[in-house]
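Q: I would like a close look at one part of this model. Which residues meet the DNA, and how do the protein chains come together beside that surface?

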There are 2 protein chains.
Amino acid sequence: MVTMRDVADRAGVSIATVSFLLNDTKPVTAATRARVEQAMAELGYRRNAVARALASRRTHIIAMAYPALDHKFGFSATEFLTSAANAARERDYHLVLWPVGNDGTELTELLGQGLVDGVVLMEVQLDDPRVTVLQELATPFAMIGRTSALEGLSHVDIDFDQTVEDAVAHLHGLGHRRIVLVSGNLTDPLFSTYGPYVRSEAAYRRIAPEYGLETVVMECSGSTQAGQEAMARLIHNHPDTTAVMIVNEFAALGSVAGLSRLGRRIPDDISVLPLLMAPEMAALTNPELTIMRTPGPELGQLGTEALIRQLEGADPLPPQLVPAKLYPGATVAAPTGPQPKAAAGRRGARKSRS
Amino acid sequence: MVTMRDVADRAGVSIATVSFLLNDTKPVTAATRARVEQAMAELGYRRNAVARALASRRTHIIAMAYPALDHKFGFSATEFLTSAANAARERDYHLVLWPVGNDGTELTELLGQGLVDGVVLMEVQLDDPRVTVLQELATPFAMIGRTSALEGLSHVDIDFDQTVEDAVAHLHGLGHRRIVLVSGNLTDPLFSTYGPYVRSEAAYRRIAPEYGLETVVMECSGSTQAGQEAMARLIHNHPDTTAVMIVNEFAALGSVAGLSRLGRRIPDDISVLPLLMAPEMAALTNPELTIMRTPGPELGQLGTEALIRQLEGADPLPPQLVPAKLYPGATVAAPTGPQPKAAAGRRGARKSRS
DNA sequence: CTGAAAGCGCTTACAG
DNA sequence: CTGAAAGCGCTTACAG
């Protein structure tokens with residue numbers, strides 16, 4: 001292995017000088033620089049990351065902590081992960097993947113090893129024990145998602161308000177007046193404080209009335225099976241529904257299969273609009289889904305960037321909320337059947353929202 | 001930060017003794033052990049991973065190198081990744097994710113940093129430049145997948161022969177005599193040497209005749225769109241096909257949609273059997289797919305295990321080939337239409353393969 | 001069974 | 001602008 005010592009000897013300088021040049025931490029004359037750079041090139045020198053980490057107390061490794069047991073690792077999670085890994089690489093950091101429980105004990109254990117400079121937290125609960133752990137250990141971190149209490153916490157997240165607003169506006173504009181939201185299974189303690197469900201539902205309950213719409217929220221677990229079953233309940237309990245918005249991406253896929261099996265034509269009889277989904281997944285159904293596209297690549301990048309800025313002492317990245325944007329497919333269209341009276345009578349009831 | 005020095009002082013021993021005990025590398029008397037362990041507990045000592053790495057030349061970090069640009073990161077890849085990350089954690093290793101190109105230049109760059117003990121290679125090409133790089137740098141590695149030349153290379157992979165054999169046997173047993181294989185797009189230089197396509201096709205060409213079947217191989221890129229289009233060609237060129245086996249998981253999903261749009265009933269008119277797919281994906285179609293289930297969790301775990309054994313100098317794990325197993329769904333059934341003469345005439349032509 | 005000491009390959013005050 | 005030296009927190013021959 002070629003060390004800094006070797007380079008210094010060949011260039012006729014001290015190892016300190018090599019280090020200064022390498023890190024651009026002190027000025028070096030052009031002549032010295034040339035000699036050192038030539039020596040490095042000739043020897044094929046590569047700076048040892050471990051030694052650097054020990055001496056500088058900065059490993060340039062960040063961890064992505066995701067609660068493996070509790071959340072399926074779907075397409076969206078994959079987008080977060082790969083974009084975070086790429087963003088880290090671009091900034092000369094490494095990303096390690098830490099599958100940990102939601103309770104923070106494993107996180108404590110891992111952080112104790114001193115291997116990482118900071119942590120990107122995925123699938124954040126409204127009250128997340130991992131946040132407490134990180135704060136107690138004074139470990140820099142950024143959240144992809146948000147706890148309820150946020151003061152001073154670095155985070156990026158989906159803008160659920162804007163996403164739901166855009167989705168409702170789109171459907172309403174097409175003429176839909178019976179729009180149901182399929183959210184999560186809030187009786188499951190794990191998901192009753194899961195941001196995407198809670199925030200989507202809150203946004204829907206606030207926005208739908210502004211459009212003169214009745215609010216109907218259905219609970220549904222995050223699996224294709226559950227999504228399929230939910231559609232049977234929907235048809236039974238809310239037969240006049242013309243459009244369904246659905247939060248979980250797996251359930252959304254199941255809903256299409258479910259409606260088809262129940263003999264409902266999409267989008268002629270009913271429109272389906274997932275609120276959070278990756279395009280790769282949208283292409284999997286027949287017809288291809290119209291979706292609100294999860295900003296996974298953006299958020300993975302932003303979350304990583306927010307963390308690295310903290311680590312480098314740069315200006316902090318302000319919290320960013322990014323909406324899911326409409327990504328056209330073939331499951332949303334104007335309703336064709338007769339409009340329910342109540343809704344029809346409310347046309348124009350939409351409040352101005354300039 | 002509590003260091004080994006602090007522990008040693010409080011226990012009244014040298015730091016060497018603490019290290020010996022911690023690593024179980026030299027015997028320590030019960031009395032000494034008790035004192036040291038108490039000191040560690042009282043101080044909340046955690047061994048610093050970076051210092052250990054520098055002194056021992058073993059970082060306990062392994063990298064998963066995946067060619068991000070060239071391969072979609074689908075469900076199967078996610079299964080490999082998460083199971084590898086879990087396996088690493090269980091053995092007290094960390095897994096970093098390296099999105100790298102297929103050509104090995106970035107890999108060289110990253111390996112030079114000395115951060116990882118070894119590499120798990122994903123999406124291995126038959127002739128993979130990354131393998132050359134790893135060998136030249138004498139970096140331990142394990143492949144999930146296989147190059148053509150294998151002597152001495154640690155690897156785990158799908159058992160394509162067994163998988164295709166099982167799939168053909170299953171379909172044949174149900175009465176199918178016109179079984180088409182939809183493989184990859186071999187005109188694309190990147191995929192003409194991609195193991196899953198090449199090996200599936202080779203296995204099919206070898207096995208089908210043993211069952212008295214005519215071999216028909218269709219090319220198809222790895223997207224839902226391509227899978228859909230391939231079905232139009234299939235219906236046109238090979239109208240008497242009763243069953244289709246399809247390698248790529250995205251194309252497989254598209255094929256179901258494509259056949260439906262073309263008015264073919266699945267499985268009444270035609271059976272569909274993907275050769276490599278994750279169950280989460282199989283649930284997405286209507287009807288739900290019968291699949292050969294990719295052994296992603298097994299292979300991710302085995303590949304990681306194979307690498308770690310090399311690193312620890314344990315008995316090497318022999319190369320493992322794991323077949324995809326039949327995972328029942330609703331897209332495979334006995335053919336209902338009239339059997340084509342040629343095939344019918346060959347019944348019983350199956351060679352004995354005891 | 002235990003310890004003193006060298007060393008892993010860097011970074012970083014400190015001095016000049 | 002450059003260098004000598006201490007130190008990061010461990011592991012590991014070597015000696016006893």
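A: The answer below takes the DNA strands in turn, then the contact between the protein chains.

This is a predicted model, in which local features need pLDDT of at least 70, side-chain atom pairs count only at pLDDT 80 or more, and totals for chains, interfaces and linings use all residues. Residues are numbered from 1 along each chain as its sequence is written, chains are lettered from A and ligands numbered from 1 in the order written, and side-chain values use heavy atoms, without hydrogens or water.

Start with DNA strand D. It is surrounded by 31 residues, where near means a heavy atom within 4 Å. The closest are Thr17(A), Pro27(A), Thr32(A), Arg57(A) and Ser19(B). Sugar or phosphate supplies 72% of the strand D atoms within 4 Å of the protein, and bases supply the rest.

Three pairs place phosphate oxygens of strand D beside polar atoms of the protein. A polar side-chain atom of Ser19(B) lies 2.5 Å from one phosphate oxygen. For a polar side-chain atom of Thr29(A), the distance is 2.9 Å. Met4(B) uses a polar backbone atom, 2.9 Å from a phosphate oxygen. Polar contacts are pairs of N or O atoms within 3.5 Å; within protein, one must be able to donate a hydrogen and the other to accept it, and residues adjacent in sequence count only if both atoms are side-chain atoms.

Which elements build this surface? α2 (15-23) and α4 (49-56), from both chain A and chain B, each supply at least two residues. α2(B) gives the most, with five residues. Helices are DSSP runs of H or I with at least four residues, strands are E runs of at least two, and both are numbered from the N terminus. By class, the surface near strand D has 15 nonpolar, ten polar and six charged residues. Here Ala, Val, Leu, Ile, Met, Phe, Trp, Tyr, Cys and Pro are nonpolar, Asp, Glu, Lys and Arg are charged, and the others, Gly among them, are polar.

Now DNA strand C. Among its 30 surrounding residues, Ser19(A), Thr17(B), Pro27(B), Thr32(B) and Arg57(B) come nearest. Sugar and phosphate make up 73% of the strand C atoms within 4 Å of the protein. Lys26(A) reaches a base: a side-chain N or O atom is 3.0 Å from a base nitrogen. Thr17(B) places a polar side-chain atom 2.7 Å from a phosphate oxygen of strand C. α2(A) gives the most to the surface near strand C, with five residues. That surface divides into 15 nonpolar, ten polar and five charged residues.

Next, the contact between the chains. It takes 46 residues from chain A and 48 from chain B, with contact meaning heavy atoms within 4.5 Å. The two chains bury about 4,200 Å², 62% of it on carbon and sulfur atoms. Buried area is the accessible area (1.4 Å probe) that two parts lose on being put together, summed over both. Four salt bridges cross this interface, each a side-chain nitrogen of Lys or Arg within 4 Å of a carboxyl oxygen of Asp or Glu. One of them joins Arg89(A) to Glu106(B), with the closest N and O atoms 2.8 Å apart.

Finally, the symmetry. A rotation of 180 degrees, with 0.2 Å of shift along its axis, superposes chain A on chain B (RMSD 0.3 Å). That is the relation of a two-fold axis. The fit is by least squares on C-alpha atoms of residues with pLDDT of at least 70 in both copies. Of the residues of chain A, Val96(A) comes closest to the rotation axis, at 2.1 Å (C-alpha).
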